[in-house]
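This report covers helix packing, a metal site and some backbone details. The sequence and structure come first.

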Amino acid sequence: MPMSTTYFLALETSCDETAAAVFTEEPRILANVVASQTELHQRFGGVVPEVAARAHLQRLLPVIDQALREAQISLTQIGCLAVHHTPGLVGALLVGVSAAKMLALALEVPLIGVNHVEGHIYACQLAADHPIFPCVGLVVSGGHTTLYECAGPLQFTRLGATLDDAAGEAFDKVASLLGLGFPGGPAVEREASQGNPRAHAFPRSFLHEARLDFSFSGLKTAVLYALAGPNQPRPAPPPPGPQRADLAASFQQAVVDILVAKCRQALQRTGWRRLAVGGGVAANRVLRTALETMAHAEKADLFIPPLHLCTDNAAMAALAVEKWRQQLWAPLDLDAVPTLS
Ligand code: KG4
Ligand code: ZN
C-alpha cells in the first residue's frame, strides 16, 4: 500500500446490522465486519427500534475493533470517517453518527455523511471490474423500493418509489402470514421453490402504467384474502404443504414481475444500458435470474453485488471516496435523518 493512501473507517447502524468497514481511497475494501441482530428481533417478528439502538451501542466498538484488526491498521492511521446518516431508524442511526463524529473530532480527520440507499447502488461498483455509471439503479430492501437514474456516483435522480410497503417488507409480512418466520425473504424463497408460481393470479400494481412507482400492500392483502377471505380475523398460518408453497411462489413471482417490468421501463426511458441492483431482496435467486433475462433482451449490463454486499454493510459507504475526491466533508453537526427528503 503506498504511504500516501488515505484509510477510511465507515460505520453502518441504520437498521438491525451493526457494521464497520475499512477501505482505501481506490476504494479497496480491507475489512467489512457485520454483526447481525436477527436473533434479537426474531421473537418480535420484525425490527424493534429501541432494541436495535441499544444493541448498536453494545456492539459498535467491538465491531470497529474487529474491522481495524482485520485491516491490520491502527485507529490513528484512519484519515477519514464515513457514516450512513440517512435514511433509517433515527435511534439506530444516531449511534453510528455520534460515534463517527466523536472519532473524527478526536482523530482530527474529515467526516463524510453517506446516504444508505445510494450506498446500496454503490455496492455494485465495489463488485464490478469496470465503471457502472451512468446506470439505472434499483434499491430493493426491507425499507426501500426505489428506482434511480444515476448519471454518476454523486448524481442520483429518483425515477420512482414504493407508495406503501417496500418489497422486502412485503416478503417479511407474507412470511409472517404463512408462518415462515423472520426475516421473511429467504424463508419465502425457500418455500416458493416447492410451489407453483402460477397457482394464484395475484395483482401486479402499475404493471402496464408508464409511472415508475411501486405498490405492494395490495399484493400482501391478496395473499391474506387467499388464505381467509375478506373481513375475516387474521387466519392461522397454513400447514406445510402445496397450498403454502403455491402461495409463496405466486407471491414471489408477482414481486419479481413488477420489479423486472419497472427496471425494463426505466432502461428504455433513460436510454442507458446498465442496470445496478442492490438491497437485501437482490439476494433472491428468482429475481436475479429474471433480471438477467430481461437485461440480456434489452442489451444492458446487469450489476448485482454478491450476497454480503447486497444486505446492509458498511463497505457500501465507500461512496464516501467519491465525496472525498471532491472534498465534500460533512460538518460536525451532521444529523441523523430518518427519512429521505
Ligand atoms: O438491505 P437489507 O439487508 O436491509 C434494509 O436496508 O432493509 O434488506 C433486508 C430485506 C428484508 O426485508 C429481507 O426479508 C429481504 O431483504 N431479503 C430477501 C431475501 N433475502 C433478504 N427478500 C427476498 N428474497 C431473499 N432471498
Ligand atoms: Zn439497506
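Start with helix α8 (residues 242-270) and helix α9 (residues 285-297) in this predicted model. Their axes come within 10 Å and cross at roughly 30°. Angles under 35 degrees count as roughly parallel. α8 and α9 are therefore roughly parallel to each other. The crossing of α8 past α9 is right-handed.

Which residues of α8 meet α9? On the α8 side they are Gln252, Gln253, Val256, Leu259, Val260, Cys263, Arg264 and Leu267. On the α9 side, Val286, Leu287, Ala290, Leu291 and Met294 take part. By class, this contact of α8 with α9 has ten nonpolar, two polar and one charged residues.

α8 also packs against helix α5 (residues 167-177). The two axes come within 11 Å and cross at roughly 175°. Angles over 145 degrees count as roughly antiparallel. α5 and α8 are therefore roughly antiparallel to each other. From α5, the contact uses Ala167, Ala170, Phe171 and Val174. From α8, it uses Phe251, Gln252 and Val255. The residues divide into six nonpolar, one polar and no charged. Gln252 of α8 appears in the contact with α9 and in the contact with α5.

A further helix pair is α2 (residues 49-71) with α3 (residues 90-107). They pack at an angle of about 35°, and their axes are 8 Å apart. The crossing of α2 and α3 is right-handed. α2 contributes Ala53, His56, Leu57, Leu60 and Ile64. α3 contributes Gly91, Ala92, Val95, Gly96, Ala99 and Leu103. This contact of α2 with α3 has eight nonpolar, three polar and no charged residues.

The table sets out the geometry of these helix pairs.

| Helix pair | Axis distance | Angle |
|---|---|---|
| α8 and α9 | within 10 Å | roughly 30° |
| α5 and α8 | within 11 Å | roughly 175° |
| α2 and α3 | 8 Å | about 35° |

Next comes the metal site. What coordinates the zinc ion (ligand 2)? The ligating residues are His116 (NE2), His120 (NE2) and Asp312 (OD), at 2.0 to 2.2 Å. Four donor atoms surround the zinc ion, and they subtend angles of 94 to 145°. Four donors count as tetrahedral if all angles lie between 85 and 135 degrees. The range of 94 to 145° makes the arrangement irregular. Along the chain, the donors follow the spacing H-x3-H-x191-D. His120 and Asp312 link distant parts of the chain, 192 residues apart. His120 is in helix α4 (residues 116-127). Asp312 is in the loop between α10 (307-310) and α11 (319-325).

Some backbone details remain. Glu26 and Pro27 are joined by a cis peptide bond, with omega about 0°. Pro27 sits in the loop between β2 (17-24) and β3 (29-36). The bond from Thr86 to Pro87 is cis too, with omega near -15°. Pro87 belongs to the loop between β4 (78-86) and α3, the helix that packs with α2.

Where does Phe206 lie? Phe206 is in the loop between α6 (184-192) and α7 (217-228). Its phi is near 60°, a positive value in a residue other than glycine.

Key: Residues numbered from 1 in each chain as written. Chains lettered and ligands numbered in written order. Predicted model: local features only at pLDDT ≥ 70, side-chain atom pairs only at ≥ 80, totals over all residues. Heavy atoms only, no water. Axes fitted to C-alpha atoms, helices over the stretch in contact; angles between N-to-C directions. Helix = DSSP H or I, 4+ residues; strand = E, 2+ residues; numbered from the N terminus. Parallel < 35°, antiparallel > 145°, perpendicular 65-115°, else oblique. Left-handed = near helix turned anticlockwise from the far one by under 90°. Contact = heavy atoms within 4.5 Å. Nonpolar A, V, L, I, M, F, W, Y, C, P; charged D, E, K, R; others polar. Donors = N, O, S within 2.8 Å, 3.2 Å for Na, K, Ca; no water. Tetrahedral: all angles 85-135°; square planar, octahedral: opposite > 155°, others 65-115°.
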